[in-house]
Amino acid sequence: MFTLNFPNLLTLLRILLVPVVVVALLEETPNGDTIAAVVFALAAFTDGLDGYIARSRGSVTTFGKLADPLADKLLIIAPLVLLVSLNRVAAWVAMVIIAREFAVTALRLVAAERGVVIPAGFLGKLKTSVQVAAIFASIAVPSTPAAVDALVYVAVAITVISGADYFLGVRRRIEEERSRRTVERSTA
């Protein structure tokens, strides 16, 4: 089992809100775009809130460490795929964003396997904020005006830049860890 504290409840809520966004957009729901936009915004708000509460209260859990990134990816990927099917976002945009998310997840696993933990940096947090803003705008504004398109392209650019930065950071940290271990072995 896992500890069901308030931050973990917020993470579970975020996971449960993703299908609500999808159904509101897919079905012929009256005001579906508005409902989906509001629910998406609420789910995105829980993303920052759960981590803040967990760290400030010292209630970080193993479940939270695993479920939070999963919830984040669901929150970004599910609406993106749906927005592609609704012709509101270009397929290549979704592929770039989704590919970056999976690549970074794979890098995290490789780094963790080698004892290296890379916390989310400024660019990663900026990437998430801009992605959320772009997806929210694409949901809330069914016709894609130039401003929404521009925001989507900025999200893609920051996604690529932050992915490259993360890759270089992981590579550097793995090399540093390897060097540290070599020095420790030679002095032992």
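**A buried lysine in helix H3 and its surroundings**

Lys73 counts as buried because its relative accessibility is 15% (buried means under 20% relative accessible area, exposed over 50% and partly exposed in between, with a 1.4 Å probe and protein chains only). This lysine lies in helix H3, residues 62-85; helices (H or I, at least four residues) are DSSP runs numbered from the N terminus. Once neighbours within four places in sequence are set aside, Lys73 is in contact with Ala78, Glu101, Thr105 and Arg108, where contact means heavy atoms within 4.5 Å.

A word on the model is useful here. It is a predicted one, in which local features need pLDDT of at least 70 and side-chain atom pairs count only at pLDDT 80 or more, while totals for chains, interfaces and linings use all residues. Residues are numbered from 1 along each chain as its sequence is written, and side-chain values use heavy atoms, with hydrogens and water left out. The mean pLDDT (the predictor's confidence in each residue, from 0 to 100) is 88 for the protein, and 98% of its residues reach 70 or more. Confidence is highest in helix H5 (residues 122-140), at 94, and lowest in helix H6 (residues 146-187), at a mean of 88.

Turning to the loop between helix H1 (6-26) and H2, this is the place of Asn31. Asn31 counts as exposed because its relative accessibility is 59%. Its C-alpha atom is separated by 43 Å from that of Val117, 86 residues apart along the chain.

Helix H2 (residues 32-56) has 25 residues, so at 1.5 Å a residue it should span 36 Å, and its end C-alpha atoms are indeed 36 Å apart; the expected span is 1.5 Å times one less than the number of residues. Just after H2, Gly58 takes a positive phi of about 65 degrees.

Technical notes. Helices (H or I, at least four residues) and strands (E, at least two) are DSSP runs, numbered from the N terminus.
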